[in-house]
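Got the viewer open? Here's a walk through the model, one selection at a time.

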Amino acid sequence: GDPECGGDCSAVQLWNVQQIQATDVAFAAILGDGSVVTWGDPKCGGDCAAVQGQLRNVQQIQASSSAFAAILCGGSVVTWGDPAW
């Protein structure tokens, strides 16, 4: 698929993947240690660097068309992607 839309995951290490969610043009995966990796269009959730330090003990991820929301072990929520969504 189109690398700009998440069609190329070679830049991330995908091991022990527990869950994957997708926006229209990006992916987010929860790994076995509760961390998250993302790839695809950085404006629509493919880059979680701004919140990476908060993405620990992630239990679940939900996606809209252009953003992600992660539910952490303690029940708090972390979001990233297009703030309009």
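Start with salt bridges: there is one in this predicted model. Select Lys43 and Asp41, the two partners, and look for the closest N and O atoms, which are 3.9 Å apart. That just fits, because the cut-off for a salt bridge is 4 Å. Now colour the pair by accessibility. Lys43 counts as exposed because its relative accessible area is 62%, while Asp41 is at 16% and so counts as buried. As a reminder, side chains of opposite charge can pair when their charged atoms come close.

Keep Lys43 on screen and add Ser66, since the two are in contact. Ser66 sits in the loop between strand 4 (58–63) and strand 5 (67–72). Is Ser66 buried or exposed? With 10% relative accessibility, Ser66 is buried. Show what surrounds Ser66 and, beyond its close sequence neighbours (within four places), you'll find Thr23, Lys43, Cys44, Gly45, Gly81, Asp82 and Trp85 in contact.

Next stop: Thr38. Find this residue in strand 3 (residues 36–40). Thr38 has a relative accessible area of 10%, so it is buried. Zoom in on the side chain of Thr38 and turn on distances. A polar atom there lies 3.1 Å from the backbone oxygen of Gly46, and the side chain also reaches the backbone nitrogen of Cys48 at 3.4 Å. Widen the selection to the contacts of Thr38, again skipping neighbours within four places in sequence: Val12, Phe27, Ala28, Gly45, Gly46, Asp47, Cys48 and Trp80 light up. If you like C-alpha distances, draw one from Thr38 to Ala26: they are 12 residues apart in sequence and 7.3 Å apart in space.

From Thr38, hop across to Cys48, in the loop between strand 3 and strand 4. At 3% relative accessibility, Cys48 is buried. Which residues does Cys48 touch, not counting those up to four places away in sequence? Val36, Thr38, Leu55 and Trp80. For another C-alpha line, join Cys48 to Ile71: 23 residues apart in sequence, 14 Å apart in space.

Trp80 has now turned up twice, as a contact of Thr38 and of Cys48, so select it next. Leaving out neighbours within four places in sequence, Trp80 is in contact with Ala28, Val36, Thr38, Gly45, Asp47, Cys48, Val51, Leu55, Ile61, Ala67, Phe68 and Ala70.

Now pull back to the largest nonpolar core, which has 14 residues. Which members touch the most others? Show Val36, Leu55, Val58, Ile61 and Trp80 as spheres; those are the ones. Then colour strand 2 (26–31), strand 4, strand 5 and strand 6 (77–81), each of which supplies at least two residues of this core. Apart from this core lies another one, of five residues; select Val12, Leu31, Val37 and Trp39 to see some of its members. Background for both views: in soluble globular proteins, nonpolar side chains tend to be buried together.

Two of those core residues lead on to Gly34, which is in contact with Leu55, Arg56, Asn57 and Val58 once neighbours within four places in sequence are set aside. Gly34 belongs to the loop between strand 2 and strand 3. Its relative accessible area is 8%, so Gly34 is buried. Measure its C-alpha distance to Leu72 and you'll get 8.7 Å, with their positions 38 residues apart in sequence counted as separation.

Stay with Asn57 from that contact list and check its backbone. Asn57 has a positive phi of about 55° although it is not a glycine. You'll find Asn57 in the loop between strand 3 and strand 4, partly exposed at 47% relative accessibility. Then jump to Asn16, where phi is positive too, at about 55°, again in a residue that is not a glycine. Asn16 lies in the segment before strand 1 and is partly exposed, with 47% relative accessibility.

Last stop, the surface. Select Leu14, Val17 and Ile20, which make a nonpolar patch of about 210 Å². Ile20 is in strand 1 (residues 17–22). Is Ile20 buried, exposed or in between? Its relative accessible area is 44%, so Ile20 counts as partly exposed.

Notes
Residues numbered from 1 in each chain as written. Predicted model: local features only at pLDDT ≥ 70, side-chain atom pairs only at ≥ 80, totals over all residues. Heavy atoms only, no water. Patch = residues over 30% accessible without salt bridge, like charges linked within 9 Å, V, L, I, M, F, W, Y side chains within 5 Å. Areas by Shrake-Rupley, 256 points an atom, 1.4 Å probe, with all protein chains shown as cover. Salt bridge = Lys/Arg side-chain N within 4 Å of Asp/Glu carboxyl O. Helix = DSSP H or I, 4+ residues; strand = E, 2+ residues; numbered from the N terminus. Buried < 20%, exposed > 50% of the residue type's maximum accessible area, 1.4 Å probe, protein only. Contact = heavy atoms within 4.5 Å. Polar contact = N/O pair within 3.5 Å; in protein donor to acceptor, adjacent residues only side chain to side chain. Core = buried A, V, L, I, M, F, W, Y, C linked by side-chain atoms within 4.5 Å.
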